[in-house]
Amino acid sequence: MDERRISRRAILFGAGAAAAWATSPARALLAYIGPAPLPRAVESLVALLTLEEKAGQLTLMAAAWAGGAATTLNPAAATASFDGQLEEVRRGRLTGVFNGNGVAMAKRMQTVAMRETRQAIPLLFAADIIHGFRTVFPMPLAEASSFDLDLARRTARAAGAEAAASGIDWTFAPVVDIARDQRWGRGIEGAGEDVLLGRLMADARVCGFQGARGLAAPDAVAACAKHFAAYGAGEAGLDYNSVDISERTLREIYFPPFQAALAAGAPTVMASFNEIAGVPATANDWLLTQILHDEWKFGGLVVSDYTGDEELIAHGFAADAREATRLAFLAGVDMSMQSGFYIKHLPDLVAAGEVPMARLDQAVRRVLALKVALGLFDDPFRRIDARREKTQVRTKVTLALAREAGARSIVMLKNDGDLLPLPRSGKRIALIGPFAQGKHDLIGPWNVYGTDAEAVDLLTGVREAVKDAALITSVEGSGIDAPLPGGIEAAVAAARGADVVVLAIGESQRMSGEAQSRSNIVVPTAQQALVAAVIATGRPVVVLLSTGRGLALSGAVLDAPAILVTWFLGSEAGRAIADVLFGIEAPSARLPVSFPHATGQQPYHYAHKSTGRPNGPTPLVEYKTHYREFANDALFPFGHGLTYGKIGYTALDLGDGKLAKDGALTVSATVTNSGDHAAEEVVQLYVQDVTASITRPVRELKAFRRVALKPGEFKVVTFMLRRADLLFIGRDLQPTVEPGRFRLWIAPSAQAEGVAGEFTLT
């Protein structure tokens, strides 16, 4: 088969309703940053720069602006003086800074660069804008729960515009790592365990950050796809840990979201901390040059992660700083972040002939090309505008978007007896738990500029939503990790005095994010005791789960009739949760990660292989693939999420059940809301290749569609499958597809039967 006949976009996104985003008019029509020549005036600079100035263009440091956010987030920056950084700018030894603080800093530094340096090359200002600037949106994993690509684009657009209004040109986002081990703390920064959802979210977020008017637009920021590659596959879910997986797995699972980000126009990529098969990514020529530049034709720049080149020494891969510099640079890392190795060692390495001048000039051109694309050579101060910084940050519009995004990111796991939505009047409600009130654990990890102090907590949101705030009581009941003296007694008393209990429990935001892997992904013991005591009162209980990962839920938590996963929702967290609790907004989100039965299942993902001894439907059968305690499935699977409606799936239509080589197969099902509440259902299409030359997963998501249904309404939901949707990485490590039999499900989750049938590829 000649795979060149299948378009790159078809390979990246597949067909079906979800993939329509990739070609919709709303999507920014961007492309790779290619190896196009620099403008003549900029190209002439390359020959005029000294070796030290060239190395300076490849050196990025944490901002040392006094009182800036960077001094607290980057300890190394606290030891550097701002005057010292200005002197580095004057000497041409610095390309820019990251995680600095606002227009005042950027104006001072850019003025020095343009007026007091030999070649007047503009500086680049970067930041970690992972899920918002001053307006904080739900954590990326939470937002992925929405299965709403336009929402992801809009929040990234708002975050990028806010950042640009404060002088920032470049964001170190989106994180596009696939995360299939919930012990890993940084899974909260990505889109979860599924490849299709990861690709589509990567595309949407890049388009959002960069906007539709091109990178030179004053409200655009350049995106950076990270972390390349397989950072989420670290052994035992341990951050920074080793990765040893096959090239096929890289190409099939971990590469596609990066390809999607680059296809959407991301001009930069960040190398990951981890090694792959013994070679650290920061010094991996195969990864950073052969794959990224030669095979994928990426013409943009690669930046190290924070001191990633320096860490080659700790890896045992480089003997010293000089060798680490040579290895990282020759492998394809164009810009060094924070170590200072490039400015210290590259000039000497080039002078000694150990690094070719051509490679140095190549990296410099890539950096200058980014600055040209951002419009900095035309106007170095285009994003440095004090008026915009005051008027275009934390506006009513962005806060309303944060509230909308928060509500659309909440997943309802259970709702026995239709306990939810709660009435807005006439009920005494007890808010109990360590997350019931207070300006803490609201915005989530990895936010440089927003604060919990500016966010809305749960108690505030609930009091605003109900008719009589006097009917709301709130007690903490427990700390996050430890019991409180008299806490359970106070909680039980509050529960007994209420008609319904809302129990806000889970993880603190410090339990997720970088360096926050957990060996046991459960609700902390002190909170488990609180839950058991409150459940024992017999009052109806709604559990709200703050979390940055899929949790292994057990015990009394599962006895609660209603459970909502509320993640970390950002600036409008309390109002967004209240909107869903009281039915102002209906829950419609779905799990982007599987919630396991127990921590010991990790790593787990729904798209696993059947093995040669699959266990069928319960009961468990000896000598089959399962644990002694439970089946090899999820407690709450990927794609699961309930609505306030009553949704049913019927009438699968596969046409003639045959997909021709160059044709399409239209499949459909009828989805009905027989309940009393309107609902938005996320209808999901899964496929299994029954027999192939490379074993295939038990299910793979191929498309999804959000469908709005009024009470009593039904809709026929249609998907179109093409041959490209069935591609996998074959034995020759190329995309391939083989004729044969395929199972298909149109269903509400990766484990639900929905409606199912079979078709053949001819």
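A disulfide, for the purposes of this talk, is a pair of cysteine sulfur atoms within 2.5 Å, and I begin there because the cut-off decides how we read the cysteines in this predicted model. The sulfur of Cys 207 has its closest cysteine sulfur in Cys 224, at 16 Å, which is too far for a bond. Seen from the other side, the closest cysteine sulfur to Cys 224 is that of Cys 207, again at 16 Å and again too far. Both residues are shielded: Cys 207 is buried with a relative accessible area of 3%, and Cys 224 is buried at 0%. A search of the whole structure likewise finds zero disulfides.

Let me step back to the confidence of the prediction. The average pLDDT of the protein is 94, and 93% of the residues score at least 70. Over residues 1-13, however, the pLDDT is below 50, although this stretch has 34 contacts in the model beyond near neighbours in sequence. Residues 15-32 also stay under 50, and there the model has 55 contacts beyond four places in sequence. Where pLDDT is low, the predicted coordinates should not be read in detail, so I will leave those contacts aside.

As for the overall form, the protein has 23 helices and 26 strands, and its C-alpha atoms fill a box of roughly 75 × 65 × 45 Å along the principal axes. For 762 residues, a compact globule would have a radius of gyration near 27 Å, and the 26 Å found for the protein agrees with that. Buried residues make up 62% of the 762, and of the contacts with a separation of 6 or more, 79% are between residues 24 or more positions apart. The accessible surface comes to about 26700 Å², with 52% of it belonging to carbon and sulfur atoms.

Now to one helix. How far apart are the end C-alpha atoms of α19, residues 396-408? They are 18 Å apart, and since 13 residues at 1.5 Å a residue should span 18 Å, the two values agree. Among the buried residues of α19 are Thr 398, Leu 399, Leu 401 and Ala 402, as well as Arg 408. What covers the buried residues of this helix includes the helices α9 and α23 together with the strands β20 and β21.

A little further along the chain, Met 412 sits in strand β11, residues 411-415, and counts as buried because its relative accessibility is 0%. Leaving out residues up to four places away in sequence, Met 412 touches partners that include Leu 420, Ile 563, Pro 587 and the run from His 640 to Tyr 644. By contrast, Arg 91, which is 321 residues away along the chain, has its C-alpha atom 57 Å from that of Met 412.

Finally, some backbone details. The peptide bond from Ala 173 to Pro 174 is cis, with omega near 10 degrees, and Pro 174 lies in the loop between β4 and α10. A cis bond also joins Lys 226 and His 227, with omega about 5 degrees, and His 227 belongs to strand β5. Turning to positive phi values outside glycine, Phe 147 has one near 50 degrees, in the loop between α8 and α9, and is buried at 2% relative accessibility. Lys 297 has a phi of about 60 degrees, is found in the loop between α13 and β9, and counts as exposed at 58% relative accessibility.

Notes. Residues are numbered from 1 along each chain as its sequence is written. This is a predicted model: local features need pLDDT of at least 70, side-chain atom pairs count only at pLDDT 80 or more; totals for chains, interfaces and linings use all residues. Side-chain values use heavy atoms; hydrogens and water are left out. Helices (H or I, at least four residues) and strands (E, at least two) are DSSP runs, numbered from the N terminus. The expected span of a helix is 1.5 Å times one less than its number of residues. Buried means under 20% relative accessible area, exposed over 50%, partly exposed in between (1.4 Å probe, protein chains only). Contact means heavy atoms within 4.5 Å. pLDDT is the predictor's confidence in each residue, from 0 to 100. The radius of gyration is taken over C-alpha atoms; the globule rule is 2.2 Å times the number of residues to the power 0.38. Accessible areas come from the Shrake-Rupley method with a 1.4 Å probe; for residues, only the protein chains shown count as cover.
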